[in-house]
Amino acid sequence: MIILSAKTLSSSPFLLLSSPYPQNPNSKPVSASQAFPESEYRTERGLTFDTGDSFFRPESATGRDLGVLAASLYKNSKGGIRILDAMCGCGIRSLRYLVEAEADFVLANDANEDYGRTILENLSQVLGDSEEERRWVVTHSDANRVMTECYLRRDFYDLIDVDSFGSESSFLRSAYNALKLDGLFYITSTDGYSSGGHRPYQCGALREASVLGYRVTPLFSYYSYHGPVFRVMLRMNRGKLPENRNYGFISYCTDCGNSQAFLWNELGQIGCPCNDAKVSRSLIVSGPLWIGPLHDAAYLTEMLNLAEQWGWTSNESETHLGKLLKQMIEESDPKLPFGYIKLDEVASRAKINSPPLRTMMSALHKEGYAVSRSHIASNAIKTNCQMTQCIRIAKELQRF
């Protein structure tokens with residue numbers, strides 16, 4: 001494993017770069033352009049950085065925004081934060097944790113040694129208060145290896161960010177072992193098939209935590225169409241979940257479109273009302289998987305307040321983050337079940353044109369159902385109204 005720090009670079013001076021958006025008032029971003037003027041640069045939240053030859057997605061900026069907000073809230077509540085960025089790429093995520101969340105220390109790791117110079121140059125914008133203070137270190141090692149070595153050294157972290165490709169399952173155990181109790185684990189999956197419970201032999205985050213004697217609960221769950229990418233911020237503590245009602249199976253009936261949740265002790269009773277609750281070949285069952293709340297409304301409200309304080313939601317070009325957080329808060333209504341319903345599917349089953357989203361939501365509210373928009377799809381809703389009733393309501397709306 002190669003370990004690099006700020007001292008690896010020459011001690012050339014860096015100039016301050018003022019951000020066009022209000023940042024954490026104590027943060028001090030520095031321009032990278034003075035250090036490597038021949039590179040191509042990108043700017044994210046006022047920070048200039050070089051992507052080099054690394055795999056970089058500008059669409060993932062929202063996921064990085066959410067991570068920075070969570071890290072800052074943690075530091076504000078605990079008084080400090082140490083972060084392990086297990087797959088840092090070009091280092092922009094680590095840079096943002098250092099500058100915007102004011103992380104006390106970041107271990108930026110990427111297995112590809114070819115990214116080393118780019119990461120170092122990006123992170124060299126952040127200098128410690130003294131020559132002896134190291135706020136970041138760059139390593140080049142397998143993500144599981146670096147997290148396991150941290151565990152063996154008892155070098156535990158407050159937040160571990162694993163921005164992986166494919167399933168997250170192979171990183172769970174080593175990440176949990178290197179995480180402090182009450183710490184945050186920011187996981188990624190681009191494998192919706194496994195995350196959706198269609199490969200039950202692959203360990204999920206909840207199961208792996210339970211095996212190790214921990215319990216994890218989601219603070220927020222974010223989906224982005226590019227990839228697609230699923231990102232979840234988990235909080236880890238010792239002990240078992242107080243209830244098992246949030247861990248089970250989901251059924252979907254291809255005949256009527258209804259979805260239901262089932263617990264382990266109900267496995268032999270899975271059926272659909274459209275078939276007299278009998279077992280039917282029209283049922284598709286996924287699981288076991290988390291079927292409880294995907295967000296913590298109070299936590300998201302704190303994130304939204306901080307984003308507004310930093311000016312991340314006031315600008316015309318920055319409204320996406322504010323809308324997203326507000327939608328996620330609406331999705332946190334405890335009356336709302338897992339999943340969502342696409343209005344295009346409602347229209348297809350009803351053999352009508354798709355009803356306007358606002359009109360459909362208003363009609364559901366009038367009938368006493370809980371309903372919100374879904375941040376996953378633009379023309380979809382979350383509701384405790386079954387598909388059959390959604391079809392009926394949509395048909396009635398068509399008559400007017």
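**Reading rings, turns and a pocket**

Colleague: Let me start with one ring: is F49 buried or exposed?

Modeller: Buried means under 20% relative accessible area and exposed over 50%, with partly exposed in between (1.4 Å probe, protein chains only). F49 has 0% relative accessibility, so it counts as buried. Keep in mind that this is a predicted model, in which local features need pLDDT of at least 70 and side-chain atom pairs count only at pLDDT 80 or more, while totals for chains, interfaces and linings use all residues. Residues are numbered from 1 along each chain as its sequence is written, and side-chain values use heavy atoms, with hydrogens and water left out.

Colleague: How many aromatic pairs does the structure hold?

Modeller: Rings of Phe, Tyr and Trp (for Trp, the six-membered ring) pair if their centres lie within 6.5 Å; planes under 30 degrees apart are stacked, over 60 edge-to-face, and the rest tilted. This structure holds eight such pairs. One of them joins F49 and F56: their ring centres are 5.4 Å apart and their planes meet at 65°, so the pair is edge-to-face. W310 and W312 form an edge-to-face pair too, at 5.0 Å centre to centre with 70° between the planes.

Colleague: And the partners there, W310 and W312: buried or exposed?

Modeller: W310 is buried at 1% relative accessibility, and W312 is buried at 0%. F56, the partner of F49, is buried as well, with a relative accessible area of 15%. Elsewhere, Y247, F249 and W264 form one aromatic cluster.

Colleague: Which residue lies over the face of W312?

Modeller: The general idea is that a charge sits over a ring if NZ of Lys or CZ of Arg is within 6 Å of the ring centre and within 35 degrees of the ring normal. For W312 this is R45, at 4.3 Å from the ring centre. R231 does likewise over Y186, at 3.7 Å.

Colleague: Now the backbone. Which peptide bond is cis, with omega near 0°?

Modeller: That is the bond from G287 to P288. To place it, take helices (H or I, at least four residues) and strands (E, at least two) as DSSP runs, numbered from the N terminus. P288 is then part of strand β13, residues 283-290.

Colleague: Where does R154 sit, and what is its phi?

Modeller: R154 belongs to the loop between α4 (143-152) and β7 (157-162). Its phi is near 60°, a positive value in a residue other than glycine, and R154 is exposed, with a relative accessible area of 63%. E102 is also not a glycine and has a positive phi, about 55°; its loop runs between α2 (92-99) and β5 (105-109).

Colleague: Which residues does S332 touch?

Modeller: Contact means heavy atoms within 4.5 Å. Leaving out residues up to four places away in sequence, S332 touches H295, D296, A297 and L300. S332 lies in the loop between α9 (319-331) and β14 (341-342), and at 16% relative accessibility S332 counts as buried.

Colleague: Finally, what classes of residue line the second largest pocket?

Modeller: Ala, Val, Leu, Ile, Met, Phe, Trp, Tyr, Cys and Pro count as nonpolar, Asp, Glu, Lys and Arg as charged, and the others, Gly among them, as polar. The lining here has 10 nonpolar, eight polar and six charged residues.
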